[in-house]
Amino acid sequence: MKKIRILSIDGGGIRGILPGVILTQIEKKLQKKTGDSDIRLADMFDFMAGTSTGGILALAYLTPNAKKRPKLTAQEAVNMYSESGDEIFDANIWQKIKSGNGITDEKYNASELEEVLENTFGSMELSNLLKPCIISSYDISNGKPHFFKQHKASNAAYNFKIKDVARATSAAPTYFETAHIKNEAGTSFALIDGGVFVNNPALVAYSEVRSLHFDAMEDMISAKNMLLVSIGTGSVSKKYAYKKAKNWGAIGWIKPIIEIMMSGNSQTVHYHLKQIFGTLEKEDQKDYHRLAPKIISADIEMDNASLENLQKLNADGQAYVALKTVDAELDEIVDKLLKYQGESKG
């Protein structure tokens, strides 16, 4: 039986290095297993979902070159962080003073981020991506979630520059200013990071795929027809003492509430997907994989892009994929990606 192969990547700022390392390992295993060094993640997944840093990674995997093949390898995608992270998350003294370190204004100037996105995606549009995907953001002007969908982008109202999609999904409040972008039809949108409501987009991916038509699927798509690989960014559920938190005002709650929303959503989505897949036959239950890397030596802050922390994040990612249990699960995922490979197109 053919299954729709889905990849979902959480948000988490510079901690995107962690899923980037995991997916690089998966791509390498696919190449070794098949003996084909040209295989890319976009060849093996039928649908991708991403929020914030996860959205940027998904877009990077699906962006084509002139030959309509994936422009970047998984390693080249994660290199964006190691090569540009310190510039993106770099606030000069004046910016720190002006913003009150992110309290009264955005903490970072978005120009460096926008330059990296311009260099990576150029003028390509959502409709050019190689596979269907869903990327999350939040529309502050209309007070509702906004989802970018490649599979609807043939309509100008749903088509955007890829660099603008990446900018919108990563416009984290207090870190970067709100993204102000236009679709191909010329309509303007004011958007912020989708992590404020759906940091783990795996349930969004599940729901969206159920509404799509894939050529290889004759019946209505449900969990039993899916292989869902969901990857976290090393989120840590911080604990706050009642005596410390009870008197916090708006300023005191700014940072903790963002962390709670992101971590809480990731855990909640994982719980519900376990419940959904738990209703299936035993073998089908195993087709939901949640890879949750641990931060061991690195700083958990989403914006610590110092050279030292970039190296530690990479080391933590390498340590995670080297674990025997994780290595075995990655082998299992690779085998399933190949097993369920078919004619499925959105």
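In the predicted model, the crossing of helices α1 and α12 is right-handed. Helix α1 spans residues 17-34 and helix α12 residues 307-322, and the two pack at an angle of about 45° with their axes 8 Å apart. This angle makes α1 oblique to α12, because angles that are neither under 35 degrees, over 145, nor from 65 to 115 count as oblique. From α1, the contact draws on Ile17, Leu18, Val21, Ile22 and Gln25. These residues meet Leu310, Leu313, Asn314, Asp316, Gly317, Gln318, Tyr320 and Val321 of α12. By class, eight residues of the contact between α1 and α12 are nonpolar, four are polar and one is charged.

A right-handed crossing is also found where α3 passes α7. Here the packing angle is about 160°, and the axes of α3 and helix α7 (residues 162-169) lie 8 Å apart. The two helices are therefore roughly antiparallel, since the angle falls in the class over 145 degrees. On the α3 side the contact is formed by Gly55, Ile56 and Leu59, and on the α7 side by Ile162, Val165, Ala166 and Thr169. Five of the residues in the contact of α3 with α7 are nonpolar and two are polar, with no charged residue present.

Helix α3 (53-62) also takes part in enclosing internal space, as one of the helices that supply at least two residues each to the lining of the largest cavity. The others are α4 (74-88), α6 (111-121) and α10. The structure holds one cavity of 30 Å³ or more, and the largest cavity contains about 370 Å³ of space. Its lining comprises 28 residues, with Gly13, Ser52, Thr53, Phe89 and Ser170 nearest the centre. The greatest contribution to this lining comes from α4, with four residues. In terms of residue class, the lining of the largest cavity consists of 18 nonpolar, eight polar and two charged residues.

Open space was examined as well. The second largest pocket has a volume of about 270 Å³. Of the 16 residues lining this pocket, Ser235, Gln267, Arg290, Ala292 and Lys294 are the closest to its centre. Helix α10 (residues 250-278) gives the most to the lining of the second largest pocket, supplying four residues. Nine residues of this lining are polar, four are nonpolar and three are charged. Helix α10 thus appears in both linings: it supplies at least two residues to that of the largest cavity and four to that of the second largest pocket.

Notes
Residues are numbered from 1 along each chain as its sequence is written. This is a predicted model: local features need pLDDT of at least 70, side-chain atom pairs count only at pLDDT 80 or more; totals for chains, interfaces and linings use all residues. Side-chain values use heavy atoms; hydrogens and water are left out. On a 1 Å grid over the protein atoms alone, a cavity is a set of points where a 1.4 Å probe fits but cannot get out, and a pocket is an open set with protein on both sides within 12 Å along at least five of seven lines; lining residues have an atom within 4 Å of a point. Grid points are joined across faces, edges and corners, and a volume is the space filled by probe spheres set on the points. Ala, Val, Leu, Ile, Met, Phe, Trp, Tyr, Cys and Pro count as nonpolar, Asp, Glu, Lys and Arg as charged, and the others, Gly among them, as polar. Axes are lines fitted to C-alpha atoms, for helices over the stretch in contact, and angles run from 0 to 180 degrees between N-to-C directions. A crossing is left-handed if the near helix is turned anticlockwise from the far one by less than a right angle, and right-handed if clockwise. Contact means heavy atoms within 4.5 Å.
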